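Here are a few exercises to work through with the structure open beside you. Try each task before reading its solution.

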Amino acid sequence: MLQIQESNDEELVLKLWVGQSFVTALRHVIHGEVETMAIEDIVFEKNESQESNEFLSHHISNIVLSCTNIDSFIYKKQCACDNYCQHCSALFHLNVQNEQKSNVTIYSRHLKALNKTVYVTHMDTPLFTLKPGARVDATLIARKGCGDIHAKWRPATVVGFRRDLKVQLHPSITAEQFQSVAKGCPTKVFEDIEDIQSSKCIYCQRCIKQAQDMQLPDLVTIQDVPDYWIFNLESTGSMLPSQIFLAALRIMENRLIKMSEVLT
Ligand code: SF4
Ligand SMILES: [Zn+2]
């Protein structure tokens with residue numbers, strides 16, 4: 001069973017009814033195997049910034065890229081070309097010169113994409129500073145990869161899961177006791193006595209401690225719901241969180257299909 005609790009451009013929160021091994025595998029596949037594009041090589045024609053080629057290469061290669069057709073690219077090691085081609089790579093040019101009288105900052109938006117299907121996700125990432133008259137001219141080569149190769153290909157910043165919990169109040173709780181328990185809850189589980197929001201519970205145990213301090217340890221009980229998980233995923237911006245989740249499921253499905261083919 002799957003229930004969507006939150007889904008937007010940055011975050012996906014789901015309630016999943018699966019075994020722990022499944023959510024563990026899902027997290028591993030998202031971090032390590034879902035494919036994205038990232039800058040892998042940079043060829044400098046000119047670098048008059050105050051940073052070395054190595055420093056700039058490392059910094060720029062962490063820029064998040066989005067790609068609308070990741071399946072149409074092949075890995076560099078599978079390609080017959082010597083360095084790059086349209087099958088394994090997408091190019092960007094960075095050709096900037098400071099014509100002002102003071103220093104200027106160069107941002108990720110200054111990268112010019114030569115392939116319309118691969119583009120910079122966040123336009124306002126500062127890259128470096130140029131002194132008056134200084135110039136940088138470079139070709140950036142983006143390639144397909146996944147997090148198992150290097151973290152810069154990871155599509156998600158956060159992939160987590162926790163047990164779903166059932167928070168219950170003793171039926172005889174008074175309004176005053178309820179207020180005492182509710183005021184310490186950091187995630188607003190007790191906003192409405194008639195509608196306890198158990199899925200928001202992070203098991204900080206403050207309500208339990210409060211009940212114990214009131215000499216009423218049975219006032220609040222919190223129990224695991226077996227095999228129910230709250231699964232959350234935050235994207236780097238390279239893909240929608242829902243796309244990342246579906247891509248991971250497809251990878252797992254394909255692996256199971258291959259295993260069943262071997263066994264039959
Ligand atoms: S354990 Fe913490 S988060 Fe959960 S209901 Fe109690 S106070 Fe709120
Ligand atoms: Zn190639």
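**Exercise 1.** Count the helices and strands of this predicted model, then work out how spread out the chain is.

*Solution.* Start with the inventory: there are 5 helices and 12 strands in the chain. Next, compare sizes: the globule rule gives 18 Å for 264 residues, while the radius of gyration is 25 Å, well over that value, so the chain is more spread out than a compact globule. As a further step, take the box along the principal axes: the C-alpha atoms fill roughly 75 × 65 × 25 Å. Finally, look at burial: 25% of the 264 residues count as buried.

**Exercise 2.** Check whether the length of helix α1 agrees with a rise of 1.5 Å a residue, and find which way its buried residues point.

*Solution.* Helix α1 covers residues 20-32, which is 13 residues. The span is 1.5 Å times one less than the number of residues, so 18 Å is expected, and the end C-alpha atoms are indeed 18 Å apart. Now list the buried residues of α1: V23, L26, V29 and I30. Viewed down the axis of α1, the buried residues fall within an arc of 125°, so they line one face of the helix. Turned away from that buried side is a face with the exposed residues Q20, S21 and T24.

**Exercise 3.** What do the buried residues of α1 pack against?

*Solution.* Among the strands, the partners are β2 (11-17), β11 (156-169) and β12 (220-235). A helix joins them as well: α5 (241-263).

Definitions and conventions. Residues numbered from 1 in each chain as written. Chains lettered and ligands numbered in written order. Predicted model: local features only at pLDDT ≥ 70, side-chain atom pairs only at ≥ 80, totals over all residues. Helix = DSSP H or I, 4+ residues; strand = E, 2+ residues; numbered from the N terminus. Buried ≥ 20, exposed ≤ 12 C-beta atoms within 10 Å, placed from the backbone. Arc of directions from axis to C-beta. Contact = placed C-beta atoms within 7 Å. Rg over C-alpha atoms; globule rule 2.2 N^0.38 Å.
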